[in-house]
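Q: Please take a close look at one helix pair in this model. I would like the geometry, then the residues that make the contact, then some context from the rest of the chain.

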Amino acid sequence: MLALCKRGFFGWKGIVKTHLGLKTFQSFNGVLAVGSSLSFLLVLACAYSLLSPRVPQQADVATSSSSVTDCNLFEGSWIQDQGYYPLYNSSICPFAEQGFDCLANGRRDQGYLKWRWKPKDCTIPIFNARLVLEKMRGKRIVFVGDSLSRTQWESLVCMLMTGVDDKRDVYEVNGNTITKRIRFLGIRFSSYNLRVDFYRSVFLVQTGSVPKRAPKRVKSTLKLDKMDDISNEWIDSDVLIFNSGHWWTPSKLFEMGCYFQVGGSLKLGMPINTGFKMALETWASWAASNLNTKRTTVFFRTFESSHWSGKNFAYCKVTQNPLITTRGKERNALSDIILRAVKKVAPVPVTVLHVTPMCASRSDAHVGTWSDNPSVPDCSHWCLPGVPDTWNEILLSYILNNDH
């Protein structure tokens, strides 16, 4: 368009010269008048085109989608995008927790909403809610994991809600409200016979009671060789997304009196990373034995970078812009364990949503003090709308390109 504008500005000079020799024009002033008028109209058209916000077209979806499988979607950078985001309004989405609705909770700056993830070698398809709903008609999408999984689940539900005309057609299957502790939440899009479910399983493996003759410090155990007792409910799904990691910390385990167990034996001295590795080996064996590869597409999301700082990581500072340097947060030991574990799930193909690097710089997008409990800062969870929407855009790009 810039080239066209330049041609418009400078092309009239040649046109005027050409017509000066024609008898049709009676004077040089007449030529200039006509040329000036047309030039002015062309300038207005160019200005409108350059300044008007870009409206995504259906063709963009197909064009972008073709490149998704040809590159690493998680190698790239965040770029500002003033016209496309946010994808929804949390305040009018009945399935978004109040605690994640940062704008409604008093956050004034909105710059964190205006960053788009741009892969290095391709483009993420433009989100089209109606297209996704049609493609997923009759399907069941299941998220399994901790509160970060629930955040992504809420994000996807709110994204899809924008494509539904009658919001009454979307409801929680048991009439439950969204809470932090409930183990199952299921949203049904009745017009499309689509279910989007969430199962709370923060460790993926079973928790157990205290074995006999255990030391007094043992209050509970984590059975590394047994899958969560609700795992059978995950099998009947078309898309299955796992995450785990944020509860694998001393404060959530040993300091709470929870220790590892394998068979009937306590493993009091086992390091957390070793326990996490064994739990994922149990998960890999379960997936290989129970999942139908002809139906279920499996994903595992890596550890999401948090941005706690200070002594004992107790200080939470939410910045206005992404970090310039990631301070090593683009790597995480638990993410490395996940990357190795998924290779052992043969014959089940598992796609890793390796979000650790892309989240490393997003210290601007955490909940901070803009939650339903501002006295407790939060540099682990993300505002909605926000970063989890990008995870879902990538997830959907894989789903829509899957032959299933």
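A: What follows covers the packing of two helices, then the chain as a whole, then one glycine. The model is predicted.

The pair is α6, residues 272-290, and α7, residues 333-341. Two packed helices are described by the angle between their axes and the distance between the axes. Here the axes come within 10 Å. They cross at roughly 30°. The cut-off for roughly parallel is under 35 degrees, so α6 and α7 are roughly parallel to each other. The crossing of α6 and α7 is right-handed.

Now the residues. From α6, the contact uses Asn273, Phe276, Lys277, Leu280 and Ala284. From α7, Ala333, Leu334, Ile337, Ile338 and Ala341 take part. Sorted by class, eight of the contact residues are nonpolar, one is polar and one is charged.

Next, the setting. The chain has nine helices and 17 strands. Of its 404 residues, 49% are buried. Take contacts between residues at least 6 apart in sequence: 77% of them join residues at least 24 apart. The accessible surface comes to about 20,000 Å². Carbon and sulfur atoms account for 54% of that surface.

Last, the glycine. Gly163 sits in the loop between α5 (147-161) and β4 (170-172). Its relative accessibility is 1%, so Gly163 counts as buried. Leaving out residues up to four places away in sequence, Gly163 touches Ala129, Arg130, Leu133 and Tyr192. The C-alpha atoms of Gly163 and Asn128 are 7.9 Å apart, and the two residues are 35 apart along the chain.

Conventions
Residues are numbered from 1 along each chain as its sequence is written. This is a predicted model: local features need pLDDT of at least 70, side-chain atom pairs count only at pLDDT 80 or more; totals for chains, interfaces and linings use all residues. Side-chain values use heavy atoms; hydrogens and water are left out. Helices (H or I, at least four residues) and strands (E, at least two) are DSSP runs, numbered from the N terminus. Buried means under 20% relative accessible area, exposed over 50%, partly exposed in between (1.4 Å probe, protein chains only). Contact means heavy atoms within 4.5 Å. Accessible areas come from the Shrake-Rupley method with a 1.4 Å probe; for residues, only the protein chains shown count as cover. Axes are lines fitted to C-alpha atoms, for helices over the stretch in contact, and angles run from 0 to 180 degrees between N-to-C directions. Angles under 35 degrees count as roughly parallel, over 145 as roughly antiparallel, 65 to 115 as roughly perpendicular and the rest as oblique. A crossing is left-handed if the near helix is turned anticlockwise from the far one by less than a right angle, and right-handed if clockwise. Ala, Val, Leu, Ile, Met, Phe, Trp, Tyr, Cys and Pro count as nonpolar, Asp, Glu, Lys and Arg as charged, and the others, Gly among them, as polar.
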